Amino acid sequence: MTLQSIPRSLQAERAPVTREEALKSVRTLLRYMGEDPEREGLLDTPKRFLKAWDDLFSGYRTDPREALERTFEEVAGYDEIVILRGTEFYSHCEHHVIPMKGTVDIAYLPNGRVVGLSKLSRVVEGYAKRLQTQEALTAEIGDAIEEVLRPRGVAVIVRAQHQCMAMRGVRQCGADTVTQTLRGAFRTDPVEEARLFRLLDA
Ligand SMILES: Nc1nc2c(ncn2[C@@H]2O[C@H](COP(=O)(O)OP(=O)(O)OP(=O)(O)O)[C@@H](O)[C@H]2O)c(=O)[nH]1
Ligand SMILES: [Zn+2]
């Protein structure tokens, strides 16, 4: 089995790093930056840094698909499109480990059961709190909803600003990136696709 074929959450488990090693690495990076990790203001910084990382990268310790397992069938026969617009997220690009910030619109066509709306946002959070590309984030959210809920259609549209393009490098502060994945009827049926984008723009 190649490392590529192992889910990224498990790859992290394959190379356990002790807390002491991680603290030492942060101190090394502070020295690399030109700082003195022994000065008073920085003494607790490695500890705080790891605490922040535990939060920012908590997605490696969760399986976002689990959020979708509880569903409801008693919805008075509702079988039309469900859209959750504007779930906000922070993630980090895997190239520079610099934040990207954006929103996700999710739509699906229920197949006899619906999921709690907050669970869609939880899926976004679970994948966002890992190192990402925007394309992979979009596809992973789509895969999870498609494979767990088995809906008749899924759409995921992500808009994000990448700080690695703004605060460094090409310094494009106003640029944002839009990615989407359309599955099932949203991909194969132009009527459903047109209805989706009409509602998203409403
Ligand atoms: N496709 C894609 N690219 C991304 C994403 N986040 C960051 N990048 C890009 O990843 C690329 C990495 O390019 P490299 O040439 O290896 O790195 P670099 O020298 O730091 O590139 P510059 O940012 O142009 O300075 C850059 O073009 C980034 O803009 C993302 O989510 N998706
Ligand atoms: Zn980047």
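The following paragraphs describe the predicted model of this protein, from its overall layout to its annotated site, its core and its strand pairing.

The 202 residues of the protein include 24% that are buried. Eight helices and seven strands make up its secondary structure, and its C-alpha atoms fill a box of roughly 65 × 35 × 35 Å along the principal axes. Two domains are assigned: domain 1 covers residues 3-56, and domain 2 covers residues 60-201. Their C-alpha centres lie 29 Å apart. Contacts across the chain often bridge long stretches of sequence: among those between residues at least 6 apart, 70% join residues at least 24 apart.

A UniProt annotation from an unreviewed entry, "domain: GTP cyclohydrolase I", covers residues 24-199. This span is 39% helix and 27% strand, and the C-alpha atoms at its two ends lie 51 Å apart. Helix α2 occupies residues 19-33. With 15 residues, α2 reaches 21 Å from its first C-alpha to its last, close to the 21 Å expected at 1.5 Å a residue. Just after α2 comes glycine 34, with a positive phi near 110 degrees.

It is worth turning next to the annotated site. The same unreviewed UniProt entry type lists Cys93, His96 and Cys164 under "binding site". Although these residues span 72 residues in sequence, no two of their C-alpha atoms are more than 7.9 Å apart, so they gather at one spot. Cysteine 93 belongs to strand β2, which runs over residues 82-93, while histidine 96 sits in the loop between β2 and β3 (99-109). Cysteine 93 has 18 other C-beta atoms within 10 Å and is therefore partly exposed; a count of 20 or more would be needed for a residue to be buried. Histidine 96 likewise counts as partly exposed, because it has 16 C-beta neighbours inside 10 Å. Beyond residues up to four places away in sequence, cysteine 93 touches Ile98, Met100, Gln132, Thr133, His162 and Cys164. The last of these, Cys164, is itself listed for the binding site.

The interior offers a second point of interest. The largest nonpolar core holds 28 residues, among which Val123, Val124 and Ile141 touch the most other members. At least two residues of this core come from each of β3, α4 (117-128), α5 (134-149), β6 (153-162) and α7 (185-188). Strand β3 gives the most, with six residues. Valine 123 shows how parts of the chain meet here: leaving aside neighbours within four places in sequence, valine 123 is in contact with Pro64, Ala67, Leu68, Ile141, Ala144 and Ile145.

Valine 123 and Val124 are also among the buried residues of α4, together with Lys119, Leu120, Gly126, Tyr127 and Ala128. The elements that cover these buried residues include β2, β3, β4 (114-115), β5 (131-132) and α5. Helix α4 itself has 12 residues and reaches 17 Å from its first C-alpha to its last, close to the 16 Å expected at 1.5 Å a residue.

Strand β6 pairs with both β3 and β7. Ten of its residues can be considered together: seven of the 10 residues of β6 are buried, so this strand is largely enclosed by the rest of the structure. The pairing of β3 with β6 is antiparallel and comprises 10 bridges, with tyrosine 108 partnered by valine 154 in β6. Strand β7 (residues 177-184) is also antiparallel to β6, and eight bridges join the two. Here glycine 153 stands opposite glycine 184 of β7.

Glycine 153 reappears in the surroundings of alanine 185, a residue of helix α7. Leaving aside neighbours within four places in sequence, alanine 185 is in contact with Leu109, Arg152, Gly153 and Glu192. Alanine 185 has 21 other C-beta atoms within 10 Å and is therefore buried. Methionine 100, one of the residues that cysteine 93 touches, lies 30 Å from alanine 185, C-alpha to C-alpha, and the two are 85 residues apart in sequence.

Technical notes. Residues numbered from 1 in each chain as written. Chains lettered and ligands numbered in written order. Predicted model: local features only at pLDDT ≥ 70, side-chain atom pairs only at ≥ 80, totals over all residues. Domains from an automatic or database assignment. Helix = DSSP H or I, 4+ residues; strand = E, 2+ residues; numbered from the N terminus. Expected span 1.5 Å × (residues − 1). UniProt positions renumbered as here; feature names shortened; annotations may be inferred. Buried ≥ 20, exposed ≤ 12 C-beta atoms within 10 Å, placed from the backbone. Contact = placed C-beta atoms within 7 Å. Core = buried A, V, L, I, M, F, W, Y, C linked by C-beta atoms within 7 Å. Pairing = 2+ DSSP bridges.
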